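Open the model in your viewer and show it as a cartoon. The stops below go from the whole chain to single residues.

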Amino acid sequence: MADVLSPPPALRLRVQDTVREADGVLGLLLADPWGAPLPAWEPGAHLEVSLPSGRIRHYSLSGDPGDLRTYRLGVLRDPGGRGGSEEIHTSVPAGSLLDVRGPVNRFPLVPAERYAFIAGGIGITPLLPMVREAAAGGAAWSLLYGGRTLTSMAYRDELAALGGGNLVLAPEDTHGRLDLDSLLRGLPDTAAVYCCGPAGLITAVESRCADLFPARPPHVERFTAAPDAALGSASGPDEGGFEVELRRSGAVLHVPPGRSLLDVVREAVPSVPSSCEQGICGTCETKVLAGEPDHRDSVLSEAEKAAGNTMMICVGRSRGGARLVLDL
């Protein structure tokens, strides 16, 4: 197997139960088959789930971090997606065994006196444990939660039962688009803004935050690739492609325009791990030994991107077309 960043621990868990959380949203409760406690996790964490078909998908943990008897996932059925949610809804009944890795947290809750949460649809899954922790810790919080209809919005009762904050449910069929200014205007400099949901919502939140407080970008988690992740959109043009040196295998390969670095690397290292291939999950994170990556992922922080110590090779390229040297 390729020498990449250490993968999270592997677990085999049983689907203890399935629950209809909302229209189109299936909840899975996962437990150790022998009743052992599960590894601890913090709000924002997710699991990498290997489905019976061999597909690998990543799902946010939506339960209570204080309860290590079960992990809870919420999965939106997306008939137009890549097949993972359809498989969960149709082919993973209670009693099934699933291989998972994690928990992994790329979306941690930072300490703050006040939190502003914005959820769109199934984007509520990583935010619910955050709201629960903020409420338990006595921090001021507000949640603006939108969905197609009220009945499509999961965990409404759990959210309503949490105290110390302001919950606004805004289904699109009755309220229209989310009124971001109602939440964002007037926030103090100490507030932390968190958003998860469709790409359009995240783009709107990032744009509005840039206008209102440019020095305080929101914390976001994406379910689809960022706009600049596409091969054809280069922040550092590489019209002639670039070279990648795989230090451990000794291979030097050419990465042409329009072809991903991951795809080329697989020619020499077929076992290099990957999953989403959109720069949103972190599975393919690889150490960079030399060169300047052109980061296009939604995983690394701005500070981590500036350091250039690792990159997501599914979407990342070389800035300016110079050679990259990877620890593979």
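Start with the whole protein chain: it holds eight helices and 18 strands. Keep in mind that this is a predicted model.

**Stop 1: the overall shape**

Stay zoomed out. Along its principal axes, the C-alpha trace spans about 60 × 50 × 35 Å. The radius of gyration is 20 Å, which agrees with the value near 20 Å for a compact globule, because the chain has 328 residues. Colour by accessibility next. Of the 328 residues, 48% count as buried. Now turn to contacts between residues at least 6 apart in sequence: 67% of them join residues at least 24 apart.

**Stop 2: helix 6**

Select residues 199-212. This is helix 6, with 14 residues. From first C-alpha to last, helix 6 reaches 20 Å, close to the 20 Å expected at 1.5 Å a residue.

Which residues of helix 6 are buried? Show side chains for Leu201, Ile202, Val205, Arg208 and Cys209. Then look down the axis of helix 6: the buried residues fall within an arc of 135°, so they line one face. In general, an α-helix has 3.6 residues a turn, so residues three or four places apart point the same way.

Rotate to the face turned away from the buried side. Gly200 and Asp211 are exposed there.

What do the buried residues of helix 6 pack against? Add strand 7 (114-120), helix 5 (180-184), strand 10 (191-197) and strand 11 (219-222) to the selection.

**Stop 3: a five-stranded sheet**

Clear the view and select the strands of an open sheet, in the order 13-12-18-14-16. The pairing is mixed. Strand 13 (251-255) and strand 16 (310-312) are the edges, each paired on one side only. From one strand to the next, the twist averages 40°. Turn on backbone hydrogen bonds: strands of a sheet pair through them, either parallel or antiparallel.

**Stop 4: walking the pairings**

Pick strand 12 (residues 242-246) and strand 18 (residues 324-326). They run parallel, joined by three bridges. Within this pair, Leu246 of strand 12 has Leu326 of strand 18 as its bridge partner.

Move to strand 14 (residues 285-290). Is its pairing with strand 18 parallel or antiparallel? The two strands run antiparallel, and two bridges join them. Label Ala290, which stands opposite Val325 in strand 18.

Finish with strand 16. Strand 14 and strand 16 also pair in the antiparallel sense, over three bridges. Label Lys287 and its bridge partner in strand 16, Thr310.

Methods: Residues numbered from 1 in each chain as written. Predicted model: local features only at pLDDT ≥ 70, side-chain atom pairs only at ≥ 80, totals over all residues. Heavy atoms only, no water. Pairing = 2+ DSSP bridges. Helix = DSSP H or I, 4+ residues; strand = E, 2+ residues; numbered from the N terminus. Axes fitted to C-alpha atoms, helices over the stretch in contact; angles between N-to-C directions. Expected span 1.5 Å × (residues − 1). Buried < 20%, exposed > 50% of the residue type's maximum accessible area, 1.4 Å probe, protein only. Arc of directions from axis to C-beta. Contact = heavy atoms within 4.5 Å. Rg over C-alpha atoms; globule rule 2.2 N^0.38 Å.
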